[in-house]
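Me: I would like to go through this model by question and answer. Please keep each reply short and finish it on the value or name I ask for.

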Amino acid sequence: MSVRLSTVAFEAPDAHAIAGFYLRLLGYVVRAEEPDWMLIGPPEGGTALAFETSRGYVPPVWPAGPGDQRMMLHLDIEVDDLAAETARALSEGARLADHQPQEDVRVFLDPAGHPFCLWVREQPAPQ
């Protein structure tokens, strides 16, 4: 059996605007584009992100409470320098979430309200 994850798809109020955010944040390239849809991915190949314009889009609430629109998934993005990449994500239009549950992870909301995390792998202590 040959199975591989090719794409993670998101709804958003404006597919091109949110795809542009992730193009800048991740250094991805455009793979395909239509008026209400955009596909982006790593330049060297690999799993892509697709964005579709949804006129009735309701952003998730994180952390969600009773009756809130819940997130369906979120992206975890490993970085080498959490402080520098936090500043860059904010400069690209991300918002820092009010609730930050871990020291080595920063939870953000993208411009369409999708949660995503930047995290840094814990470095072993020098010996």
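What follows is a set of questions and replies on a predicted model.

Me: Where in the chain does Asp-110 lie?
Reply: Strand E7 covers 105–109 and strand E8 covers 115–119. Asp-110 falls between these two strands. Its place is therefore the loop between E7 and E8.

Me: Which side chain of opposite charge is nearest to Asp-110, and how far away is it?
Reply: Asp-110 is buried and has no salt bridge. A salt bridge needs a nitrogen to oxygen distance within 4 Å. The nearest candidate of opposite charge is Arg-95, at 7.1 Å.

Me: With which side chain does the side chain of Asp-110 make a polar contact?
Reply: Leaving aside neighbours within four places in sequence, Asp-110 is in contact with Ile-18, Phe-21, Tyr-22 and Phe-116. The polar contact is a side-chain to side-chain one, at 2.7 Å. The partner is Tyr-22.

Me: Which residues touch the most other members of the largest nonpolar core?
Reply: Nonpolar side chains tend to be buried together in soluble globular proteins. The largest nonpolar core here has 26 residues. Those that touch the most other members are Tyr-22, Ile-40, Leu-49, Phe-51, Phe-116 and Leu-118.

Me: Which element gives the largest share of this core?
Reply: Two or more residues each come from strand E1 (7–12), helix H1 (15–26), strand E3 (37–41), strand E4 (48–53), strand E5 (75–78), helix H2 (82–92) and E8. The largest share is seven residues. That share comes from H1.

Me: In what order do the four strands of the open sheet stand?
Reply: The pairing in this sheet is mixed. E5 and strand E6 (95–96) stand at the edges with a single partner strand each, so one side of each has no neighbour in the sheet. The order is E5-E8-E7-E6.

Me: Which residue in E8 stands opposite Leu-75?
Reply: E5 and E8 run parallel and are joined by four bridges. Leu-75 has its opposite number in E8. That residue is Phe-116.

Me: How many of the five residues of E3 are buried?
Reply: E3 is joined to strand E2 (residues 29–34) by five bridges and to E4 by four. Both pairings are antiparallel. E3 is largely enclosed by the rest of the structure, because its count of buried residues is four.

Me: Which residue of E3 stands opposite Val-30, and which residue of E4 stands opposite Met-38?
Reply: E2 and E3 form a hairpin with two residues between them, and Val-30 stands opposite a residue in E3, namely Ile-40. In the pairing of E3 with E4, Met-38 has its opposite residue in E4. The two residues asked for are Ile-40 and Phe-51.

Me: What is the phi of Gly-45?
Reply: E3 and E4 form a hairpin with six residues between them. Gly-45 is in the turn, and its phi is positive. The value is about 95°.

Me: How many residues apart are Glu-92 and Arg-24?
Reply: A search of the whole structure finds four salt bridges, one of which joins the side chains of Glu-92 and Arg-24 at 2.5 Å, N to O. Glu-92 is partly exposed at 23% relative accessible area, and Arg-24 is partly exposed at 43%. The pair links helix H2 to helix H1, and the separation is 68 residues.

Me: Asp-36 or Arg-55: which counts as exposed?
Reply: The side chains of Asp-36 and Arg-55 meet in a salt bridge at 3.3 Å, N to O. Asp-36 lies in the loop between E2 and E3, and Arg-55 in the loop between E4 and E5, 19 residues apart. Exposed means over 50% relative accessible area. Asp-36 has 36% and counts as partly exposed, while at 68% the exposed one is Arg-55.

Me: What is the distance between the closest N and O atoms of Glu-78 and Arg-121?
Reply: Glu-78 lies in strand E5 and Arg-121 in the segment after E8, so their pairing ties together parts that are 43 residues apart in sequence. Glu-78 is partly exposed at 40% relative accessibility, and Arg-121 is partly exposed at 47%. The two form a salt bridge, and the distance is 3.1 Å.

How values were computed
Residues numbered from 1 in each chain as written. Predicted model: local features only at pLDDT ≥ 70, side-chain atom pairs only at ≥ 80, totals over all residues. Heavy atoms only, no water. Buried < 20%, exposed > 50% of the residue type's maximum accessible area, 1.4 Å probe, protein only. Lys, Arg positive; Asp, Glu negative; His and termini not counted. Polar contact = N/O pair within 3.5 Å; in protein donor to acceptor, adjacent residues only side chain to side chain. Contact = heavy atoms within 4.5 Å. Core = buried A, V, L, I, M, F, W, Y, C linked by side-chain atoms within 4.5 Å. Pairing = 2+ DSSP bridges.
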